[in-house]
Amino acid sequence: MASTLSPILLLAIALAPLLGSVLAGLFGTGFFGRQVTRAGAHGITIALVAFSALASLYVLWQVIAHDAYFNGTIYTWTLIGHIPIEIGFLVDSLTATMMVVVTSVSLMVHIYTIGYMVDDPGYQRFFSYISLFTFSMLMLVMANNMLLLFFGWEAVGLVSYLLIGFWYERPTAIFANMKAFIVNRVGDFGFILGIGLLFAYTGSLNYDQVFDSASILSYTSFPGTDWSLVTVAAICLFIGAMGKSAQVPLHAWLPDSMEGPTPISALIHAATMVTAGIFMVARFSPIFELSNTALSLVIVVGAIGALFLGLLGLIQNDIKRVVAYSTLSQLGYMTVALGASAYSVAVFHLMTHAFFKALLFLGAGSVIIGMHHNQDIRYMGGIRKYMPITWITFLLGTLALVGTPFFSGYYSKEHIIEAAGAANIWGANFAYYCVLIGVFVTSLYSFRLYFLVFHGKERYEDLPADAEHRFEKNEKPKESPWVVTVPLVVLAIPSVLIGAWVIEPMLFGDFFKNVIYVDAAAHPAMADIAATFHGWLEYGLHAFMTLPFWLVVAGFVVALFLYVVSPATPGKIYHSLSGINRILENKYYVDWVYENVFARGARALGQGFWKGGDKGVIDGFIINGSTKAVALIASLSRKLQSGYVYHYAFSMLVGIIVLISFFVVVR
């Protein structure tokens, strides 16, 4: 018998981070005084996020052990006619999983921030922002209707703007947060159109009522076309996901978001903002399952990102940007799974990726601390003996990322490849080869980063003499403090173990029963891969006979040769492939197109409206023209007001003659 979760508990989980944000933000930054000290800011926010994390674990246990469930209204905000606009929660297995991922990763980031931001003057403000970010993401995943979903969606975007531009004195940070904000607004325009279409034709904003009406929408045509309404709505929703989850071509904001502090890079790229689009498509699986056209678009866009954005990681020298392009590639993998109707696999990879990607970002931050905040991997090397905890945890995260057998990333990524191969929609073959080649690319850039940072010659003394990150003579890197290393160790555990632990119930059990909907007859990918699964152990052992495993090995061997055995070879390859490198260094010219076509075109259009419309029509014709007309009438009227009596007598005589003539003509 299914039990009902307590709405008070759910409300407390969502509002606890908000309370921490308000206390640290209003009473720790000088807004209402500085009653909350630096220690108070991190103490309050960590305690409240820890409460949300523990309570979320309890909710997940209730969902698993007692089939607990909640779908209800917390507060009715207003009415549109007879349609209620509600604030309500839907907590099922999908939501509970996301709640645990969001709050647990956020908790580790909060703890890590104590060490990373220790000398920053905006300490309390940062803790306020990341707690507000956590609240926004919880509202997004816990919503039971499209209105609250959109609130969380926009709140995450707004707080990301504040966090990416946290160091607002840097022009690059201001450019990056504005870029993220604008690009996400493009995706959000499509998202709100999709929500509006579903609301207009179903008469409801609640998920359950919209999904119940979905089959009717598949027989309804979009006005003026022969397109199915459900196809148009699904594509509009996916455009929103493209912006939030950084899919081609709306991905350009994410690498630049590295201008923010490293803790928020981990939070944005691991468990929160970029996974919102993946979660949304999985939640709307009843809509997407009715449109092969939309699924084809999803799988092709995801495939392009998985391979071609991963290639950009090969030429990055900033440690955080390498991990950022890895995120773009892995989001592409998740999107491919969504397009193959393997929604549970996408959520599975979302979960495993959250842990090992947070580990890699926080590990990169630990390296940055040890390197005096130098982020250029060309001036690192050989630091494993000075930072052993950072080294081993970063290695574990790397092994999970590349898909090493028995690590969490292996189980999720391998099933994405299989799902792409088993899908029977247009674009699936292209996606299969993209994600397959992407395995080698991921292995190559991951081990390139690993070897350049932790192995080989110590190059940090080669920094230019005027560089601000130089070491003193005979100074060596040292391990980060415990508040930095403890989160690394904690995140390393699920990065290794959680895949094998949860794969069977999550992918092949009834964990997502009645939550994620798949038309098995039309989209048999999940059924096909389920037929060959015989347990996590056998699946892990089987890896050694599969092509993806040997592609991982090939990437490792090539990286080992290029960056450890023969470090002069990459330079020779670089010069021999100058044309390709130019394309990669310019990021396929996507930014150039945005800046020189869209941005410049928008400026030209704006100037045209300003000069032609505002100055010419409004100011010149309407305002100034009416002024001139009044002046002309006034000047003529002045001539009639002469002040001489005989002029007025003459005017009266002429008027009488005109009136008499008029009446004579009329008669």
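The following exercises, each with a worked solution, concern a predicted model of a single protein chain.

**Exercise 1. Overall architecture**

Task: Determine how many helices and strands the chain has, and what share of its residues is buried.

Solution.
Step 1. The secondary structure of the chain consists of 27 helices and two strands.
Step 2. Of the 667 residues in the chain, 55% are buried.
Step 3. Along the principal axes, the C-alpha atoms occupy a box of roughly 115 × 70 × 60 Å.
Step 4. Contacts between residues at least 6 apart in sequence are then considered; 79% of them join residues at least 24 apart.
Step 5. The domain assignment gives domain 1 as 291-514 + 534-565 and domain 2 as 614-666. The C-alpha centres of domain 1 and domain 2 are 82 Å apart.

**Exercise 2. The buried side of helix α23**

Task: Identify the buried residues of α23, and explain why they lie on the same side of the helix.

Solution.
Step 1. Helix α23 spans residues 547-565, 19 residues in total. From first C-alpha to last, α23 reaches 25 Å, which is close to the 27 Å expected at 1.5 Å a residue.
Step 2. Pro548, Phe549, Leu551, Val552, Gly555, Ala559, Leu562 and Tyr563 are the buried residues of α23.
Step 3. These residues lie on the same side of α23 because they cover an arc of only 165° around the axis.
Step 4. A general rule applies here: an α-helix has 3.6 residues a turn, so residues three or four places apart point the same way.
Step 5. The elements that cover the buried residues of α23 include α17 (388-402), α18 (408-422), α19 (428-454) and α24 (569-576).

**Exercise 3. Three salt bridges**

Task: For the salt bridges of arginine 283, arginine 378 and glutamate 458, name each partner and state whether the residues are buried, partly exposed or exposed.

Solution.
Step 1. A search of the whole structure finds 11 salt bridges.
Step 2. Arginine 283 pairs with aspartate 92, and their closest N and O atoms are 2.8 Å apart. This pair links distant parts of the chain, 191 residues apart: arginine 283 belongs to helix α12 (residues 276-283), while aspartate 92 is in the loop between β2 (83-91) and α3 (93-116).
Step 3. Buried means under 20% relative accessible area. Arginine 283, at 3%, is therefore buried, and so is aspartate 92, at 5%.
Step 4. Arginine 378 forms a salt bridge with aspartate 376, with closest N and O atoms 2.7 Å apart. Arginine 378 is partly exposed at 45% relative accessibility, whereas aspartate 376 is buried at 15%.
Step 5. Glutamate 458 forms a salt bridge with lysine 385, the closest N and O atoms being 2.8 Å apart. The two residues are 73 residues apart and link distant parts of the chain: glutamate 458 lies in the loop between α19 and α20, and lysine 385 in the loop between α16 (343-370) and α17.
Step 6. Glutamate 458 is partly exposed, at 23% relative accessible area, and lysine 385 is exposed, at 52%.
Step 7. Salt bridges that share partners also join Lys179, Asp256, Arg321, Lys587 and Asp591 into one network.

**Exercise 4. The surroundings of histidine 455**

Task: Establish where histidine 455 lies and which residues it is in contact with, leaving aside its neighbours within four places in sequence.

Solution.
Step 1. Histidine 455 is located in the loop between α19 and α20.
Step 2. Its relative accessible area is 17%, so histidine 455 is buried.
Step 3. With neighbours within four places in sequence left aside, histidine 455 is in contact with Gly381, Gly382, Arg384, Trp391 and Tyr450.
Step 4. For tyrosine 450, a polar contact of 2.8 Å joins its side chain to that of histidine 455.

**Exercise 5. Two buried helix residues**

Task: State which helices hold threonine 485 and valine 105, and describe the accessibility of each residue.

Solution.
Step 1. Threonine 485 belongs to helix α20 (residues 482-508) and is buried, at 7% relative accessible area.
Step 2. Neighbours within four places in sequence are again left aside; threonine 485 is in contact with Ile389, Glu479 and Ser480.
Step 3. Serine 56 is 429 residues from threonine 485 along the chain, and their C-alpha atoms are separated by 24 Å.
Step 4. Valine 105 is part of helix α3 and counts as buried, at 1% relative accessibility.
Step 5. Between valine 105 and isoleucine 580, the C-alpha to C-alpha separation is 37 Å, and the two are 475 residues apart in sequence.

Note on methods. Residues are numbered from 1 along each chain as its sequence is written. This is a predicted model: local features need pLDDT of at least 70, side-chain atom pairs count only at pLDDT 80 or more; totals for chains, interfaces and linings use all residues. Side-chain values use heavy atoms; hydrogens and water are left out. Helices (H or I, at least four residues) and strands (E, at least two) are DSSP runs, numbered from the N terminus. The expected span of a helix is 1.5 Å times one less than its number of residues. Buried means under 20% relative accessible area, exposed over 50%, partly exposed in between (1.4 Å probe, protein chains only). The arc is that of the directions from the helix axis to the C-beta atoms. Contact means heavy atoms within 4.5 Å. Domain bounds come from an automatic or database domain assignment. A salt bridge is a side-chain nitrogen of Lys or Arg within 4 Å of a carboxyl oxygen of Asp or Glu. A polar contact is a pair of N or O atoms within 3.5 Å; within protein, one must be able to donate a hydrogen and the other to accept it, and residues adjacent in sequence count only if both atoms are side-chain atoms.
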